Structures are given as C-alpha cells and as structure tokens.
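Dear colleague,

Please find below the structure I promised to pass on to you. I would be grateful if you could read the notes beneath with the coordinates open.

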Amino acid sequence: MRILGIDPGLQTTGFGVVDMDGHTLRYVASGTISTKRVAQGELPARLKVLFDGICEVVERYKPDAAAVEIVFVNVNPQSTLLLGQARGACLTALVTSNLSVAEYTALQMKQAVAGHGKAAKAQVQEMVKRLLQLPGLPGSDAADALGIAITHAHVGSSMARLGQAAVLARSTNGMYRQGRTR
C-alpha cells in the first residue's frame, strides 16, 4: 500500500510518500509545496497553489491512501484560521482525487515515530531518517509529512485489524445466539 502524508501549512506544505509491505516501510518521495512566491494578501491564489500541488503529487505518485496532520490551535486566532484554510485546500485536493483520508495530531505522530509526544523537530527528523533508512535528514516539513505517513502505516493497519476482529466477533456472537435459540 502506498501512503501519502501531508503536513499542511500556508507558506510551506510538506508531503511524504511511503510504501508499506507487511511491516516493512520503504521511502518513495518527499518534498514541499511552497506558496512564498505568491503575495501574502493573495489568499485564494495561495490556496490554489496548495490544491494544485497536492493534486500533482497524487497524480505523480498514485497513493492508495492519505493522512493529514490535524491543525492545532495557535495563540494567534488569525494564524489558526489561515492554517485551517490551507489544510482545507489540501483535504479537498485529496478527496477530489478519490483518496481515503485519515487524520492524526502532531502528538500522535510524534508518539508513533519518536516514542513520545513531546519530541523536538530534530528528533522526528532523525527517527524518520532511521525508520526509512534515508542517507540524510529530510527537511522538517517533509519529515513531519513522512511521520504522518508512517503513523498511518502503523495505526491504519492496526485499526483495520480491529475492524476485522469486530466484524468477526459480531458474526460469531450472532451465530452463537442463533444456535442457542434453536
């Protein structure tokens, strides 16, 4: 399964693509989509750059699923609103591309990748490098996006197994009840 991770940002959005084969993860690609060349007052144009960039990444790498970091609330409400709009542009691009989208907090990603939710950016970068056996450290935005993809690879497969177990338990319980009432 190929997973696309997204770390949304209005100026810089990170993306990371990993392949998962059983428990093995393999690095495919990572990078950033930048809106810095568009004037800060041109919000619609910046959102279009993000939307188009995510669509281009999806078209190029053809992921099976996507995972996006959930926005945290900043001290500055205006920054939070702008970040939320950037995240919305990313989500819309993914859904328009017919991808299933999972969402994880930065805390969940840090726990999955570094082992604790208060890991520093440098720790996340180092752990992503180790987990994917990269020759060097990825940039911080790309590392966060790869971390989101890694989180989904671990959590998503666990959730799928739990879902299958719940279906089996329901059908087993139903059959057991049927057998008792005869």
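The notes below cover the sheet and then the largest pocket. Please bear in mind that this is a predicted model.

The sheet

Five strands form an open sheet with mixed pairing, in the order β3-β2-β1-β4-β5. Its edge strands, each of which pairs on one side only, are β3 (24-34) and β5 (100-104). From one strand to the next, the twist averages 20 degrees.

Within this sheet, β1 (residues 2-7) and β2 (residues 12-21) run antiparallel and are joined by six bridges. One residue of interest here is D7, whose bridge partner in β2 is G14.

The largest pocket

D7 also appears in the lining of the largest pocket, where D7, E69, F72, K121 and D144 lie nearest the centre. The lining comprises 16 residues, and the pocket holds about 280 Å³ of space. Three elements each give two or more residues to this lining, namely α3 (106-114), α4 (121-131) and α5 (140-181). The largest share, three residues, comes from α3.

What is the character of the residues in the lining of the largest pocket, by nonpolar, polar and charged? Eight are nonpolar, six are charged and two are polar.

In viewing the model, you may wish to begin at D7, since this residue links the two topics: D7 pairs with G14 of β2 in the sheet, and D7 is among the lining residues nearest the centre of the largest pocket.

With kind regards

Terms used:
Residues numbered from 1 in each chain as written. Predicted model: local features only at pLDDT ≥ 70, side-chain atom pairs only at ≥ 80, totals over all residues. Heavy atoms only, no water. 1 Å grid on protein atoms, 1.4 Å probe; cavity = no way out; pocket = protein on both sides within 12 Å on 5 of 7 lines; lining within 4 Å. Points joined across faces, edges and corners; volume = space filled by probe spheres on them. Helix = DSSP H or I, 4+ residues; strand = E, 2+ residues; numbered from the N terminus. Nonpolar A, V, L, I, M, F, W, Y, C, P; charged D, E, K, R; others polar. Pairing = 2+ DSSP bridges. Axes fitted to C-alpha atoms, helices over the stretch in contact; angles between N-to-C directions.
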